[in-house]
Amino acid sequence: MAVKNRSKICLCISAAIMVIALVMSLTGNGINYGIDFAGGMSMQYDMGGEYNRADVEAILDTLNVGHYSVGQQGQTEINIRIRDINEDGVQAVQEGLEKALFEKYPAAKRSGDVSYVGPVAGATLLRNAFMSVAIASVLMLIYIAFRFDLNSGLAAVFGLIHDVLMMLSFMVLLRSFIQMNSSFIAAMLTIVGYSINNTIVIFDRIRENARKLPTAPRVDVVNVSIRECLGRTINTTLTTLMTIVALYVLGVDSIREFALPIIIGIVSGVYSANMINGYVWAVLEEKKRARKAAK
């Protein structure tokens with residue numbers, strides 16, 4: 001029963017993190033949306049050699065463009081993103097930036113197209129992202145309910161929603177370090193698959209042990225199953241995390257935007273698969289037993 005109590009504590013910890021993120025969002029400190037969602041323009045330049053990021057930022061400050069970010073792409077390339085700009089102002093900002101930039105760095109040149117994303121397009125992208133997660137959750141519920149049972153499917157989808165909400169909560173808590181762009185959608189969908197894979201492995205062992213221990217409390221069945229899968233869980237999680245952490249530490253800004261949500265999602269997925277999902281199944285199964293006994 002000690003593990004069951006700890007599972008309740010884990011749920012309380014998750015709920016506390018989500019509540020803090022919700023309060024921050026309601027007070028105007030929510031997710032730091034990038035231009036993919038909030039709208040804005042993006043420009044990429046090859047500086048032709050060594051450069052000082054402060055020089056680029058000083059030029060942008062003189063143009064009074066408002067909120068912007070300057071990210072490194074490779075050794076000599078930079079990506080400039082400017083928010084809070086309408087489509088009519090794109091050309092003027094581009095011309096002013098390039099005039100000052102090329103004077104400071106004569107070898108610099110534009111290395112990609114200047115792109116502009118309107119806020120309506122960003123809102124559509126965000127809505128489609130959450131629709132895709134919702135559809136994936138329903139399909140996984142059907143699959144797991146068919147392969148195992150309905151309670152397993154409900155517990156797995158509960159864990160899936162938990163992982164997505166945890167990723168969103170940490171995007172709020174870490175808003176000073178990372179923006180939400182389209183790479184976050186790729187990370188979220190990746191974690192959906194990773195998390196459900198961990199859960200299915202454990203549920204497969206739960207099903208085997210439930211047959212061996214038909215009269216045992218379901219919590220005990222879950223405890224045994226998680227202990228038996230613990231070695232596999234540790235090995236796969238550590239090897240995956242080592243790779244993603246290396247990408248975050250050594251990668252450029254665009255890679256970090258993808259790697260950090262992945263790191264959060266992997267930790268959250270392992271956490272929910274081992275400390276929450278199985279015990280949600282156990283509670284549902286015990287209620288099912290109680291209903292049968294009452295009849």
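This report covers the nonpolar cores, one helix pair and the cysteines of a predicted model.

Residues are numbered from 1 along each chain as its sequence is written. Local features need pLDDT of at least 70, side-chain atom pairs count only at pLDDT 80 or more, totals for chains, interfaces and linings use all residues, and side-chain values use heavy atoms, without hydrogens and water.

The largest nonpolar core (buried Ala, Val, Leu, Ile, Met, Phe, Trp, Tyr and Cys residues joined through side-chain atoms within 4.5 Å) has 52 residues. M180, F184 and M188 have the most contacts inside this core. Among the elements giving two or more residues to it are α6 (150-173) and α7 (182-212); helices are DSSP runs (H or I, at least four residues), numbered from the N terminus. Beyond its neighbours within four places in sequence, F184 is in contact (heavy atoms within 4.5 Å) with M167, L168, M171 and P261. A second, separate core of 19 residues includes I78, I80, I85 and V93.

The axes of α6 and α7 (lines fitted to C-alpha atoms over the stretch in contact, with angles from 0 to 180 degrees between N-to-C directions) come within 10 Å and cross at roughly 145°. Residues of α6 that meet α7 include M167, L168 and M171, and F184 is one of their counterparts in α7.

The count of disulfides (pairs of cysteine sulfur atoms within 2.5 Å) is zero. Two cysteines are tabulated with their relative accessible area (buried under 20%, exposed over 50%, partly exposed in between; 1.4 Å probe, protein chains only).

| Cysteine | Nearest cysteine sulfur | Relative accessible area |
|---|---|---|
| C12 | C10, 9.2 Å | 55%, exposed |
| C229 | C10, 17 Å | 4%, buried |
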